[in-house]
Amino acid sequence: MDNIAGSSNRLKWAVNLSVLIIVISWLVPTVGLFVSSFRDRDQISATGWWIAPLSVELTYRTRGDGTPRQDGDLWVIEGNLFESAEVAEAFANGGAEITGFGVAARTPDGTMPGDEIETRDGGMLRVNTDGTYRYTSSEEPDTRGPRVYFAATTPPEFTLDNYRTILTADGMDRAFFNTLTVTIPSTIIPILIAAFAAYALAWMEFPGRGLLIAGVVGLLVVPLQLALVPLLNLHNTIGIGQSFVGVWLAHTGFGLPLAIYLLRNYMVGLPRDIIESAKVDGATDFQIFTKIILPLSFPALASFAIFQFLWTWNDLLVAKVFLPSSDETNVMTVKIADDLLGSYGGDWGLLAGAAFVSIAVPLFVFFTMQRYLVRGLLAGSVK
Amino acid sequence: MSPLLQAALTIFVGVFGCVGYFYAANVVLDKVIFPAKGEQAGRNINRANLVRPWIFLFPAVTALSLYLVYPVIGSILRSLHNRAGDEFIGLGNYVALFSDETFREAVINNALWALIVPASATFLGLVIAQLTDRLSWGNIAKSIIFMPMAISFVGASLIWRFVYAVDADIGLINAIRDFFGLDVLDPLQVPFWNNLFLMVILIWIQTGFAMVILSAALRGIPEETVEAAIIDGTGPLQLFFRIKVPQIMGTIVVVWTTITILVLKVFDIVYTMTGGNLGTQILPSYMMAFMFRDDGRATAVAVVIMIVVLPVMIWNIRQARSEMR
């Protein structure tokens with residue numbers, strides 16, 4: 001089929017190129033977040049992440065401090081701007097170069113390195129590319145040297161600081177474990193309940209079966225929003241209140257229709273012969289289910305497990321309503337949406353780090369188990 | 001007790017409880033209530049087989065009724081009561097809703113979402129499925145376009161916050177504007193268009209879903225029809241739109257409706273990006289404004305969402321029933 005009439009070489013190029021453009025545009029937003037999460041705050045606001053591997057030029061403000069010494073009839077201060085107290089931290093890694101300097105905030109980089117400029121108090125200042133400076137004055141300067149502004153390029157710098165801050169100081173570690181706590185029982189428990197029900201709906205004859213299946217299909221699309229108020233009131237009445245138990249129960253209930261639907265569709269497709277010959281041999285329904293159906297349905301069970309895992313991990317609504325809003329219980333999505341976005345609205349590096357902590361696990365699951373995910377999607381939608 | 005320990009305990013209790021229940025119930029049924037021996041062995045086996053399906057179904061049916069059927073009724077009833085829940089006020093909450101400016105804005109925006117997002121995601125998914133179909137690196141391309149499906153709506157919103165940032169050194173949109181010499185602007189504050197910018201996020205997520213399913217459908221098209229069309233001299237575009245697309249129309253409709261239902265429920269994106277301000281309110285996030293404050297109003301909004309979803313639900317059930325026959 002590859003080279004039949006109608007597909008010319010030019011068409012092939014066009015297809016390759018357009019797919020490449022689409023793929024890149026799909027990937028760019030995520031890459032931006034990923035790169036930004038490794039850059040520090042100053043670098044993020046100085047240059048775009050798309051040129052992160054290049055040097056960054058920033059302007060700084062410091063003082064040419066140093067002990068004045070007398071040289072003939074002149075007073076001289078010498079030193080290195082990169083080592084001066086106000087900016088030393090920014091240049092700890094070395095490799096920086098000065099591209100311009102000045103003595104007034106209006107022209108922070110108006111003078112080329114190597115040239116001399118007159119300071120406000122009448123002295124002369126020369127700054128070199130490597131940061132060394134020489135200040136000369138005819139009068140004895142006080143211990144504080146002249147005010148200097150300068151622009152310097154620093155080599156690109158990638159740090160884990162954002163992650164460190166997010167995970168230690170901001171309680172994202174706690175939120176991570178809370179998410180895990182919500183997710184695991186919410187994934188495992190519905191599978192078991194749904195598997196038994198799906199078997200009954202697929203392989204047992206009883207009145208009302210068709211109606212029940214129709215009911216499950218109908219419940220598939222019931223908007224979650226309807227469940228929030230009555231269930232929260234119910235939980236409050238029976239004493240569960242806003243707690244992890246409540247979230248587990250809610251996720252179990254909300255996940256069941258899809259679980260039953262997926263598993264029933266799969267089980268119905270299993271060969272009738274196996275089940276009937278087992279029955280002839282005297283196996284009970286319970287034995288048929290545990291020994292034959294369950295092992296054979298593994299792909300469908302895995303598909304649903306991945307769905308439910310991704311759904312509960314990424315959920316914001318259920319966690320917001322059924323868990324109390326406190327640092328003890330916040331899951332990562334709530335933490336980011338309600339807490340970090342407010343307090344770190346402008347600190348892009350920290351936000352990027354937090355977002356990446358929250359999407360790393362789903363991405364890992366996605367890439368390792370994509371096969372099952374695709375299979376589940378196909379079983380759930382195409383019929 | 002630490003939450004993780006509690007979780008482990010819950011898994012243990014849940015799993016063993018389930019298995020224990022099913023096992024014990026079956027044993028009781030077969031050995032105690034209807035034993036398959038004595039005079040009535042045959043009748044007892046038949047009777048046991050009549051009861052057994054309900055043993056298998058009991059936990060699921062209970063959970064479904066409690067967590068999905070009861071809330072539907074509960075919400076409808078609650079929406080007819082006042083804020084405190086002690087006084088029946090008929091359609092009072094609905095009347096209040098319809099006279100609220102923000103509600104009308106939310107309905108209009110929701111309609112836009114429900115039209116634009118499924119249409120764009122399905123169309124893009126279809127085109128990408130076709131383009132990647134015979135590509136040597138098609139699977140890698142599909143993987144990347146499918147990837148946003150794994151990312152939470154909150155995570156995706158943050159990712160796009162970077163793209164829309166009001167700074168030519170952070171936001172790509174403003175970087176591009178800057179490149180062409182235009183002024184920096186905040187995409188999320190441009191009236192009307194900000195809705196579209198938010199929709200882009202959901203389209204970005206959902207296109208992968210549409211693509212995966214439509215690409216499987218495209219592969220399922222019988223080769224003969226395609227070959228016959230090519231022998232008759234059909235060009236590639238015509239082949240795609242007049243031979244392939246009509247054959248997978250059923251799947252396209254399923255994808256379209258699935259995304260539509262999702263769109264009507266998603267509140268995360270608007271909540272994270274604008275909080276429903278700046279004229280971007282939609283029903284699900286409008287409901288959250290009343291959640292914990294006025295249960296009567298909140299449930300009324302939920303019922304409105306339910307009514308919008310209802311036709312799709314009925315259509316779904318019909319489809320499922322016709323398949324079973």
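Which loop of chain B does L278(B) lie in? Keep that one in mind; the tour gets there near the end.

**Before you click**

This is a predicted model, in which local features need pLDDT of at least 70, side-chain atom pairs count only at pLDDT 80 or more, and totals for chains, interfaces and linings use all residues. Residues are numbered from 1 along each chain as its sequence is written, chains are lettered from A and ligands numbered from 1 in the order in which they are written, and side-chain values use heavy atoms, with hydrogens and water left out.

**Stop 1: select chain A**

Color by secondary structure and you should find 14 helices and 8 strands in chain A. Here helices (H or I, at least four residues) and strands (E, at least two) are DSSP runs, numbered from the N terminus. Chain A has a radius of gyration of 33 Å, well over the 21 Å that the globule rule gives for its 383 residues, so chain A is more spread out than a compact globule. That radius is taken over C-alpha atoms, and the rule is 2.2 Å times the number of residues to the power 0.38. Turn the C-alpha trace of chain A along its principal axes and the span is about 115 × 70 × 35 Å.

Now show the surface. Chain A has an accessible surface of about 16700 Å², with 58% of it on carbon and sulfur atoms. Such areas come from the Shrake-Rupley method with a 1.4 Å probe, and for residues, only the protein chains shown count as cover. Of the 383 residues in this chain, 54% count as buried. Buried means under 20% relative accessible area, exposed means over 50%, and partly exposed is in between (1.4 Å probe, protein chains only).

Next, pick T237(A). You'll find T237(A) in helix α6 (residues 225-238) of chain A. Is T237(A) buried or exposed? It is exposed, at a relative accessible area of 67%. Add G114(A) and draw a distance: the two C-alpha atoms are 78 Å apart in space, with these positions 123 residues apart in sequence.

**Stop 2: select chain B**

How many helices and strands does chain B have? The count is 14 helices and 0 strands. The C-alpha trace of chain B spans about 95 × 70 × 45 Å along its principal axes. Its radius of gyration is 26 Å, while a compact globule of 325 residues would have one near 20 Å.

In chain B, 50% of the 325 residues count as buried. The accessible surface of chain B is about 15100 Å², and carbon and sulfur atoms hold 67% of it. Contacts (heavy atoms within 4.5 Å) are worth a look too: among those in chain B between residues at least 6 apart in sequence, 66% join residues at least 24 apart.

Zoom in on helix α5 (residues 138-146) of chain B. Here 7 of the 9 residues are buried, so the helix is largely enclosed by the rest of the structure. Select the buried ones: G138(B), A141(B), K142(B), S143(B), I144(B), I145(B) and F146(B).

**Stop 3: where the chains meet**

Show both chains together. The contact takes 113 residues from chain A and 107 residues from chain B. Between them the two chains bury about 9800 Å², 81% of it on carbon and sulfur atoms. On the chain A side, W26(A), L226(A) and W348(A) lose the most area to chain B, together 8% of what that side buries. Buried area is the accessible area (1.4 Å probe) that two parts lose on being put together, summed over both.

For a single spot, select V15(B), which sits in helix α1 (residues 3-33) of chain B. Not counting residues up to four places away in sequence, V15(B) touches I188(A) and L192(A). From V15(B), measure to F88(B): these residues are 73 apart along the chain, and their C-alpha atoms are separated by 43 Å.

**Stop 4: two loops with a twist**

Most residues other than glycine have a negative phi. Select F192(B): its phi is positive, about 65 degrees, although it is not a glycine. F192(B) lies in the loop between α7 (172-179) and α8 (193-219) of chain B, and is partly exposed, at 45% relative accessible area.

Finally, back to L278(B). This residue is in the loop between α12 (268-273) and α13 (283-290) of chain B. Its phi is also positive, near 60 degrees, and L278(B) counts as partly exposed at 43% relative accessibility.
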